[in-house]
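Dear colleague,

I am passing on the structure below, together with some notes on what turned up in it. Please keep it open beside this message while you read.

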Amino acid sequence: VTQFLQAGFDGLALGSQYALIVLGFVVVYRATGIINFAQGGALILGAYMTYNVSNTWGWNFYLAVFISAVVVATFSVLLQRVMIQRIFRETTGVLLGLLVWASFVYNGSSHLVGVLIGVVGGVGAWWVAARVEARIGARGPSELPVFGAIMVTIGVLFVVKQVVAAIWGFGELSVDDPWEISTSRVGDVILGHAKIATIVLAMIGLALFFVIDRYTRIGIAMRATHFDHEAAIAQGISTKLVFATAFGLAGVVAALAGTSAAAGSDLINPNMDLIVFLAFPAMILGGFDSPGGAVVGGVTVGLFQNLVKTYVVNPPSWFPVEDMDWLGAGFERVAIFVMMVVVLMVRPYGFFGTEEVRRV
Amino acid sequence: MSAVLRTLWGRSNERMIVEYHDDLRLFPTRARRAWLVFLVLAWIFLPAVWDRAPFTILSDNGVSLNTLAYAGVFAIASIGLNLLTGYTGQVSLGHSVFLAVGAYFTAYAGSTWDMPMWQWLILAPAVGWVVGALVGPFALRLRGNYLVVVTLGLVFIGEHIFRNWKSVTGGSTGTSAAAVPMELGPFDVRSLEIFGRQFDEDRAFFWLIWLVVGIVAWLVKNVVRSRAGRALQAVRDRDMAAEIIGIDVGILGYKTQAFAWSAAIAALAGALYAPLQLFIGPGDFGLLVSILFIAMIILGGMGTIYGSVIGALIITAMPRLIEGYSDSGIPIVGRLWGGGLPGVAAKTSDDGLITVSSLNVVIYGLLIALFLLVEPRGLAGIWVRIRNYFSTWPFSY
């Protein structure tokens, strides 16, 4: 029983992490209909920003989380505006800003100086481009087809990973968080404080999201846009604002998820986006467009993964196969994908997702 | 002889199609037949001249014949992926797994059972076909985003199997394919001898692999312009409408078949990849490889055969060129900042903003994003626009 409870608790912590990540996917999917793989990049960025502010600059941890959330949200909104909606002036601004930043860093200045001058350069380029666009007549934003948008976000994920590695290196880093490796005991179950914090963090994030989704104007606008894009525009809803908000929220959630993945005894490295891929089964289980499904799916998958992990090593007495070493190390990660495939065969739109009506 | 000449030098103008037979020809105009002859000549003679004057720009900077052989392998695989993604509209992030199936099969069958080359060249695609046919039915129930996620899961499941089925795959360390028999009829690829002349392994592999590229391209081209190909494209454009006009998309229908054949072609590429690479491990078949295949067909042009080949050539050669130039410096312009690529560390010990391997990944990502944003039809689309511009000149259409 102790073993079961321990696996259950760890699974719950893992599941809340998954739930946070999936929530980021769901928010974007509901507004725009694409899977935003760049969420993995946002997560890495969030973890490293938290590290940078709290370790390198030595600021308060909670302040670091807040700053990281703001930065990642900005990144996410910019990504949406530049890559998905293809706004000419913003593309120019961002590219020039990046270029200036890179050239300053290359010439030996610190990142901060590079970023500051890059931002100034980017805003300048944006201003010039806006004037040019006004003169020659703006080309309206044309959106990419779904497959194209997915591939663009995958491309962005790869770029972000490498840029993060170029700045902070490939090595493993430990974030100074207030929990470290401290634990409490309830009976024989060991409760890591960082894991409790993760669960609480996930709860706060989810609650915040549900409040926004249910009760604020923008939340209602988001749901309306998801329901019928054109009708929403006809009602005077700014879909631009809705998309930007969706990506911004996804960025905040990604920063929280990244921080929780970095907290406690865990270390961060540029390959930590693996956890985003592992969250896909959770997303499938809940359905792409259901925030409630994200929570249920995340927790279910987290529990399932940890139970499999525990019982593959130490199977219960009633189980017919005693030795399961042949399944190999890390089988629990594959098990959740197998579960995903089974679920998809039974319910192609997850347990809470909206079934797509196909018309000719 | 005169028949051959007439075939090559027949009709001159492509606009004058008078018979149905003219419409069926793969190379309808004189220019295209000349292009075919040029390609065959290039295939024969390129290995001989690759280290001479005009080609040294490439061959001195990392793009050796060996690189071209790799490009050929990837060209085969990306033709397969194009059949599935470009023509049938089913996105697959799992093609590295099909490549791996072919590669591991060849390495195991060749080393353990001493299977002759002509047998594994046939059986490896057959095994890939079966695996693809097992995955294919999932595409019947899932569409768009869901299919992307399932094929992504395939990569993870595949990698786990490759790491743990140690008796066949050698586990995480990988397995050797050096002992795979490479004799095809009178030719031995490992030590090729034609008319008493010895040729080294790189050249033999170049000829073998690009021959296979040609055959696969020819087969797939003929498939996509036949009844089956039109059915696939109808499925891509709107699968429900396709079903209604009587195209079979059932469990043995065109979607499953497209998956199976695409996987078979990828497995064929894998079968050639193993002996070329000599040693294969699970690290060679990760998600990045799948993404590379997608980058190839996006860059070259989705829904074209030659686009896949061009994309494979560019995506394979580019990292070697970057590596080569960051070592030796760009000619002429490089003097401005004194050799190398600015901000790029050729070795891990060097100073620089970013390492070569990281830079390559960044460029792949940017290329995918840029082409999708600016020219979604790829280089092939650019070429078609240039051609149309000149063929209708001086009018705009």
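A cavity, as the word is used here, is a set of points on a 1 Å grid over the protein atoms alone where a 1.4 Å probe fits but cannot get out, and its lining residues are those with an atom within 4 Å of a point. Grid points are joined across faces, edges and corners, and a volume is the space filled by probe spheres set on the points.

Before the findings, two notes on provenance. This is a predicted model, in which local features need pLDDT of at least 70 and side-chain atom pairs count only at pLDDT 80 or more, while totals for chains, interfaces and linings use all residues. Residues are numbered from 1 along each chain as its sequence is written, chains are lettered from A and ligands numbered from 1 in the order in which they are written, and side-chain values use heavy atoms, with hydrogens and water left out.

On that basis there are 3 cavities of 30 Å³ or more, and the largest of them has a volume of about 50 Å³. Its lining is formed by A:Leu12, A:Ser16, A:Ala19, A:Ala202, A:Met203, A:Leu206, A:Val295 and A:Val299. The elements of chain A that each give two or more residues to this lining are α1 (2-32), α7 (193-215) and α13 (291-313); helices (H or I, at least four residues) and strands (E, at least two) are DSSP runs, numbered from the N terminus. By class, the lining of the largest cavity holds 7 nonpolar residues, 1 polar and no charged, where Ala, Val, Leu, Ile, Met, Phe, Trp, Tyr, Cys and Pro count as nonpolar, Asp, Glu, Lys and Arg as charged, and the others, Gly among them, as polar.

Turning to the chains as wholes, chain A has 14 helices and 2 strands, and buried residues make up 52% of its 360 residues (buried means under 20% relative accessible area, exposed over 50%, partly exposed in between, with a 1.4 Å probe and protein chains only). Chain B has 17 helices and 8 strands, and 50% of its 397 residues are buried.

Within chain A, A:Ser68 lies in helix α3 (residues 61-84) and counts as buried because its relative accessibility is 0%. Apart from neighbours within four places in sequence, A:Ser68 is in contact (heavy atoms within 4.5 Å) with A:Gly46, A:Met49, A:Thr50 and A:Ala255.

In chain B, helix α11 (residues 227-237) and helix α13 (residues 254-277) pack at an angle of about 110°, with their axes 10 Å apart. The axes are lines fitted to C-alpha atoms, for helices over the stretch in contact, and angles run from 0 to 180 degrees between N-to-C directions. The two helices, α11(B) and α13(B), are therefore roughly perpendicular to each other, a term that covers 65 to 115 degrees. On the α11(B) side the contact is made by B:Arg227, B:Ala228, B:Ala231, B:Leu232 and B:Val235, and on the α13(B) side by B:Tyr254, B:Lys255 and B:Ala258.

Finally, two loop residues of chain B may deserve a look. B:Asp114, in the loop between α6 (95-112) and α7 (117-141) of chain B, has a positive phi of about 55° although it is not a glycine, and at 52% relative accessibility B:Asp114 counts as exposed. B:Leu278, in the loop between α13 and β6 (279-280) of chain B, has a positive phi of about 70° and is likewise not a glycine; at 36% relative accessibility, B:Leu278 counts as partly exposed.

With best wishes

How values were computed: On a 1 Å grid over the protein atoms alone, a cavity is a set of points where a 1.4 Å probe fits but cannot get out, and a pocket is an open set with protein on both sides within 12 Å along at least five of seven lines; lining residues have an atom within 4 Å of a point. Angles under 35 degrees count as roughly parallel, over 145 as roughly antiparallel, 65 to 115 as roughly perpendicular and the rest as oblique.
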